[in-house]
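Student: Hey, got a minute to walk through a model with me? I'd like to go from the whole chain down to single residues.
Tutor: Sure, pull it up and ask away.

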Amino acid sequence: MTAQLPAENMSADQAIAALSTQSQPRVSEAEMRQAVRTLLIGLGEDPDREGLLDTPKRVVKALKFLTSGYNQSLDELLNGAVFHENTNEMVLVRDIDLFSSCEHHILPILGRAHVAYIPNGKVIGLSKVARICEMYGRRLQVQERLTAQIADALQGLLNPQGVAVIIEATHMCMVMRGVQKPGSWTVTSAMKGVFAEDARTRDEFMSLIHHRPAFH
Ligand SMILES: [Zn+2]
């Protein structure tokens, strides 16, 4: 299969979807390393000094890992872990550590996700909720899209009565540069179904994610 550049008239999401299904990278590993070497020279560094000799190789490896979510699919990740279960009670997985990279600066986004759904005959393994967050986190992101993708994934997989996702995160591009505001957090949410329609369900979710468990 020939890798193709995303067409210019694609939306950002379509372009990302196209990228995520590409079977071959468009540039070689050597070209990627060369690009990092060029960056180092541009920064006034000597890429041939001892400490930097392997840096291009390491940076490319790290970036590939941090964006490895592009090469995963929900099917592969779930591996059939969807079960039939007649429960109407909220399932909440909270305080999921989340690491992503902002697409504007390729700098870390560090945070936590809280994910809930109310089943409609189907549930997934609890660990899979965290794995879904991880898959979308390991892409170049904006926090708003990351939040929506996690909610859309659960909606599509389970067709539940409702899905709620809240992400609280701090962006290194704001903390270390730009406005330089350590301690600032960005909160994004995506509410679907009963969480969007029913204030009581939403309130229950909000109080559960703020509750401190006795064993903490
Ligand atoms: Zn950024």
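Student: Of the contacts in the chain with a separation of 6 or more, what share comes from residues 24 or more positions apart?
Tutor: Those residues account for 66% of them. Two residues are in contact if their C-beta atoms, placed from the backbone, lie within 7 Å.

Student: Any caveats before I read on?
Tutor: This is a predicted model, where local features need pLDDT of at least 70 and side-chain atom pairs count only at pLDDT 80 or more, while totals for chains, interfaces and linings use all residues. Residues are numbered from 1 along each chain as its sequence is written.

Student: OK, how many helices and strands are there?
Tutor: The chain has nine helices and seven strands. Both are DSSP runs numbered from the N terminus: H or I with at least four residues for helices, E with at least two for strands.

Student: And what percentage of the chain is buried?
Tutor: Of the 216 residues, 21% count as buried. A residue is buried if 20 or more other C-beta atoms lie within 10 Å of its own, exposed if 12 or fewer, and partly exposed in between, with C-beta atoms placed from the backbone.

Student: Sheet next. What's the strand order?
Tutor: It's an open sheet of five strands, β5-β2-β3-β6-β7, with mixed pairing. Two strands pair if DSSP finds at least two bridges between them.

Student: Which strands are at the edges, and why does each have a side without a neighbour?
Tutor: β5 (140-141) and β7 are at the edges; each has a single partner strand, so one side of each has no neighbour in the sheet.

Student: What about β6, how many of its residues are buried?
Tutor: Eight of the ten, so to speak for residues 162-171, and the strand is mostly covered. On one hand β6 pairs with β3 (residues 108-118), antiparallel, over ten bridges. β6 is also joined to β7 (residues 186-193) by eight bridges, again antiparallel.

Student: Which residues stand opposite I166?
Tutor: H114 stands opposite I166, and so does S189 in β7. A further pair to look up is E168, whose bridge partner in β7 is V187.

Student: Switching to helices. How do α2 and α3 pack?
Tutor: α2 (residues 29-42) and α3 (residues 55-66) pack at an angle of about 115 degrees, with axes 8 Å apart. The axes are lines fitted to C-alpha atoms over the stretch in contact, and angles run from 0 to 180 degrees between N-to-C directions.

Student: Which residues meet there?
Tutor: From α2 you have E29, M32, R33, V36, R37 and L40, and they meet T55, P56, K57, V59 and V60 of α3. By class that contact has six nonpolar, one polar and four charged residues. Here Ala, Val, Leu, Ile, Met, Phe, Trp, Tyr, Cys and Pro count as nonpolar, Asp, Glu, Lys and Arg as charged, and the others, Gly among them, as polar.

Student: What's the end-to-end span of α2, against what it should be?
Tutor: At 1.5 Å a residue its 14 residues should span 20 Å, and the end C-alpha atoms are 20 Å apart, which agrees. The expected span is 1.5 Å times one less than the number of residues. Just after α2, G44 takes a positive phi of about 90 degrees.

Student: Which residues of α5 are buried?
Tutor: K128, V129, I132, C133, M135, Y136 and G137. What covers them includes α4 (74-78), β2 (91-102), β3, β4 (122-124) and α6 (143-158).

Student: Which residue is 68 places from Y136 in the chain?
Tutor: S68, and the C-alpha atoms of the two are separated by 9.3 Å. S68 lies in the loop between α3 and α4 and counts as partly exposed, with 13 C-beta neighbours inside 10 Å.

Student: Where's D95, and what is its phi?
Tutor: D95 is in strand β2, with a phi near 55 degrees, a positive value in a residue other than glycine. D95 counts as exposed because it has 12 C-beta neighbours inside 10 Å.

Student: Last one: what does P108 touch?
Tutor: Leaving out residues up to four places away in sequence, P108 touches F99, S101 and M172. P108 is in strand β3 and is partly exposed, with 18 other C-beta atoms within 10 Å.
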